[in-house]
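Hi everyone, thanks for coming. Let me put the structure up, and then I'll walk you through a few things I looked at.

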Amino acid sequence: MPLRDLCASLGLAMREGRRASLVCPSCRATRRGGSDRRLPATVNGSGRWTCWACGAWGDSIDLVSYALTGDRYRGQAEVRSWPGWGSIAPSAAPLPEAEPPRYLPEDELVRSRNIAHPCTTDPPVRAWVEERLGPDPSVRVLGLVRALRGGDRPWMRLRQGRDRPSWYNLGLRALFPTWDAMGKHRGWRARKIRTTSGPKAVGPTGYSSEGLVLANGHAVRMLRRAARPDLVIVTEGEPAYLAWAAAHPGAAVIGIGSGWWTPQHADAVPDGARVVLATDHDPAGERYAASVARTLNDRCTLSRWRP
């Protein structure tokens with residue numbers, strides 16, 4: 001059964017395109033949250049789907065199971081007891097494969113590293129960091145931020161706006177490397193260092209930021225399966241990521257946003273690790289925390305940070 005027909009039979013709205021997206025069969029969210037109005041669940045390159053609002057994920061059988069029972073598929077014996085199963089074709093085909101996320105090409109990453117300077121060499125960016133962390137932050141924390149000093153690649157310009165303004169001219173000059181679930185540098189997150197109009201933070205225009213997180217050195221080694229940290233802190237956004245990394249230099253600290261965390265990131269977290277969910281206490285932050293908790297599948301000791 002084609003995906004569009006399967007979703008229609010389950011009452012799930014769907015959009016087709018380069019990457020299929022749909023209403024989540026678990027939480028029934030119709031958008032990812034905040035100002036992001038995209039449908040929350042997407043299909044990845046292996047044909048599995050992930051909801052960026054609640055963290056539910058699975059294959060086509062899980063899709064049907066969540067829609068009909070509210071829970072993941074537990075085994076063939078329960079299928080015939082699902083309400084409404086008779087109206088769904090039991091031989092439904094797996095979800096069609098979608099194209100993988102389009103990240104910055106390697107040659108663009110190499111070019112970008114040549115214009116991403118240490119923030120210690122750029123007074124405005126260093127001042128922005130010190131405003132949030134206090135004077136003389138550690139060299140380890142300063143190394144998490146790079147300074148954009150010039151450069152004007154097409155992906156460093158906004159998609160919209162008069163003359164497509166550049167990151168540099170808009171003050172988007174604090175650069176954070178972003179990492180995939182295997183600990184590979186895949187892109188950048190540019191953060192604004194002065195109060196002006198426009199977005200506070202952006203990723204490369206024309207390229208995906210899904211599945212890419214902020215990560216300090218301990219977290220990158222964890223993603224590469226080269227370290228097993230006892231403490232993992234998952235927080236939200238660039239300033240909070242810096243603050244937690246400064247306060248806990250021995251921990252693996254990861255910064256996330258909408259669509260950044262994936263089940264593959266969760267796979268890198270060691271069994272039994274203590275995981276602190278330090279996202280904001282607003283609806284979006286609560287969804288991020290629930291998504292992380294769900295993908296860890298009770299393998300870790302979880303605690304929710306309270307201010």
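So, a warm-up: is C119 buried or exposed? It's buried, with a relative accessible area of 1%. Keep in mind as we go that this is a predicted model.

Let's stay with cysteines. C24 is buried too, and its relative accessible area is 0%. Now, how many disulfides does a search of the whole structure find? Zero. Quick reminder for anyone new to this: a disulfide is a covalent bond between the sulfur atoms of two cysteines. So why doesn't C24 have one? The closest cysteine sulfur to the sulfur of C24 is in C51, and the gap is 3.5 Å, so that's too far for a bond. The cut-off here is 2.5 Å between the sulfurs.

Next, helix α1, which covers residues 3–10. Which of its residues are buried? They're L3, L6, C7 and L10. Looking down the axis of α1, you'd see these buried residues fall within an arc of 95 degrees, so they line one face of the helix. Here's the general background: an α-helix has 3.6 residues a turn, so residues three or four places apart point the same way. And what covers the buried residues of α1? The cover includes strands β1 (14–15), β2 (21–22) and β3 (41–43), plus helix α2 (60–69). Just after α1 comes G11, which takes a positive phi of about 75 degrees.

Now for the empty spaces. The count comes to three cavities of 30 Å³ or more. The largest cavity has a volume of about 50 Å³. Its lining is W52, I256, G257, G259, W260, W261, Y288 and S291. That splits into five nonpolar, three polar and no charged residues.

The second largest cavity holds about 40 Å³ of space. Lining that one are T178, W188, R189, S209, L212 and W260. Here we get three nonpolar, two polar and one charged. Did you spot W260? That residue is in the lining of the largest cavity and in the lining of the second largest cavity.

Last stop, the second largest pocket, with a volume of about 390 Å³. It has 22 lining residues, and P101, Y103, G211, T262 and Q264 lie nearest its centre. Which element gives the largest share of that lining? It's α9, with three residues. β3, β4 (49–51) and α9 (263–268) each supply at least two. Overall, the lining of this pocket has nine nonpolar, eight polar and five charged residues.

That's me done, thanks for listening!

Key. Residues are numbered from 1 along each chain as its sequence is written. This is a predicted model: local features need pLDDT of at least 70, side-chain atom pairs count only at pLDDT 80 or more; totals for chains, interfaces and linings use all residues. Side-chain values use heavy atoms; hydrogens and water are left out. Buried means under 20% relative accessible area, exposed over 50%, partly exposed in between (1.4 Å probe, protein chains only). Helices (H or I, at least four residues) and strands (E, at least two) are DSSP runs, numbered from the N terminus. The arc is that of the directions from the helix axis to the C-beta atoms. Contact means heavy atoms within 4.5 Å. On a 1 Å grid over the protein atoms alone, a cavity is a set of points where a 1.4 Å probe fits but cannot get out, and a pocket is an open set with protein on both sides within 12 Å along at least five of seven lines; lining residues have an atom within 4 Å of a point. Grid points are joined across faces, edges and corners, and a volume is the space filled by probe spheres set on the points. Ala, Val, Leu, Ile, Met, Phe, Trp, Tyr, Cys and Pro count as nonpolar, Asp, Glu, Lys and Arg as charged, and the others, Gly among them, as polar.
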